[in-house]
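Here is a quick walk through a model, meant for someone who would rather look at geometry than read prose. Have a look at the fold first, then come back for the details.

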Amino acid sequence: MESKEPAAAEWNCPCGQSGNKGNFCVKCGKPRPASQPQAPQQSQQPQQQGPQMPPQNQQPYQQPYGQPAYQQPPYGQPMYQQPVYGQLVYQQPPQPQEDKYKNLKIGLGIVALVLVLVLVFFGMKEGAFGDEPAPSNYSSVSKNGDQAASKQNADKKQDGSREMQTDLSLGGMDLGMTVAQMHETLGQEISSRQKDGMVFYKYPTVEVGTLGDIVTSLVSETGSALTKRGLHEGSLLSDVTDTYGTDYMKSEYGGKDLYEYRYTDLQGQSGILRFAVVQGTDTVNYISIRRTTE
């Protein structure tokens, strides 16, 4: 049988803890005072003991409910901290993966843009976006074979006015033209009158006289009516002789000196180009052109 050891005397600690049986206070840990008898020493013989129980008034350590046991985090990672209830937990946003082909895509886009610009440039230069219309030759030969009308169209200047063909011409008209050609050149007349079997058409710059269907006379109305060589009402007599020469026929009529030059018209008929100068002056008062034979 095992021998029973004498029970230790209880003692009171100055901290207020009473009933201490060991050599140290169970509350504050102070040693038993010297005035108190020491607790008997336990035998050195090992005794079979059951599970260790915590001292009275001392609770064993318990893992708090719901709190994971501490684990040492891997190197380089922050220690895990249990978030407080209701506190938002920050999550690191996922990092986009780097596009391995980003530079290649940019390079291909630049090359495609350059090719498009080159194609547009050469397409505009060479007319690649549409065939240019072929030039029309309608003005050279009419469909009904009207050679006279086609010749008149060919004689037009770049500004749309008609190029006069002979020196028997005034205000864009030549002697020997037809009435249809007159209307095509000058348009609709302001007025018209008949005299001695002729019809006279009045325009702002010139009066046109016709016999039948042929223009046989022209008379200037303003200084805008020019001859083929560019003279007009108000030109100096010296300009007339310098331009047309001195081979003229001079006569007098109605207080004017008439200087007349002979030429042939579009149909080969003879005609007169007249410059009328008021006597006592040196300027042209009017210009007239007429056939000498009707």
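## Ground rules and overview

A residue counts as buried when its relative accessible area is under 20%, as exposed when that value is over 50%, and as partly exposed in between. Keep in mind that this is a predicted model.

With that cut-off, 24% of the 294 residues of the protein chain come out as buried. The chain exposes about 22,200 Å², and carbon and sulfur atoms supply 53% of that area. As for secondary structure, there are 4 helices and 10 strands. Read from the N terminus, they go α-α-β-β-α-β-β-β-β-α-β-β-β-β. If you take the contacts between residues at least 6 apart in sequence, 35% of them join residues at least 24 apart.

## Cysteines without a bond

How many disulfides does the structure hold? The count is 0, although some cysteine sulfurs are worth a look. The cut-off here is a pair of cysteine sulfur atoms within 2.5 Å. For C13, the closest cysteine sulfur belongs to C15 and sits 3.4 Å away, so it is too far for a bond. C25 also has its closest cysteine sulfur in C15, this time at 3.6 Å, which is again too far for a bond.

Buried or exposed, where does C13 fall? Its relative accessibility is 6%, so C13 counts as buried. C25 is buried too, because its relative accessible area is 5%.

## The sheet

Now for the open sheet: 8 strands line up in the order β3-β4-β5-β6-β10-β9-β8-β7, with antiparallel pairing. The edges belong to β3 (191-195) and β7 (249-253); each has a single partner strand, so one side of each is left without a neighbour in the sheet. Going from one strand to the next, the twist averages 20°.

Start at the β3 edge. β3 and β4 pair in the antiparallel sense over 5 bridges, and K195 stands opposite M198 in β4. The hairpin of these two strands has 2 residues between them, and D196 takes a positive phi near 50° there. Next along, β4 and β5 run antiparallel and are joined by 4 bridges, one pair being V199 with its bridge partner T210 in β5. The hairpin linking β4 to β5 goes through 3 residues.

Further across the sheet, strand β8 (residues 256-264) and strand β9 (residues 270-278) run antiparallel, joined by 9 bridges. There, R262 stands opposite I272 in β9.

## Helices on the sheet

Helix α3 (residues 179-186) packs on the sheet, where it touches β4 (198-202) and β5 (206-211). The direction of α3 makes about 165° with that of β5. Helix α4 (residues 237-244) packs on the sheet as well, touching β8, β9 and β10 (284-291). In this case the angle between the directions of α4 and β8 is about 20°.

## A closer look at T241

T241 is found in helix α4. What does its 21% relative accessibility make it? T241 counts as partly exposed, because that value lies between the two cut-offs.

Which residues does T241 touch, leaving aside its neighbours within four places in sequence? They are T246, Y248 and Y261. Closer along the chain, a polar atom of the T241 side chain lies 3.0 Å from the backbone oxygen of S238. From C-alpha to C-alpha, T241 and Y259 are 9.4 Å apart in space, with their positions 18 residues apart in sequence as a separation.

Note on methods:
Residues numbered from 1 in each chain as written. Predicted model: local features only at pLDDT ≥ 70, side-chain atom pairs only at ≥ 80, totals over all residues. Heavy atoms only, no water. Buried < 20%, exposed > 50% of the residue type's maximum accessible area, 1.4 Å probe, protein only. Contact = heavy atoms within 4.5 Å. Areas by Shrake-Rupley, 256 points an atom, 1.4 Å probe, with all protein chains shown as cover. Pairing = 2+ DSSP bridges. Axes fitted to C-alpha atoms, helices over the stretch in contact; angles between N-to-C directions. Polar contact = N/O pair within 3.5 Å; in protein donor to acceptor, adjacent residues only side chain to side chain.
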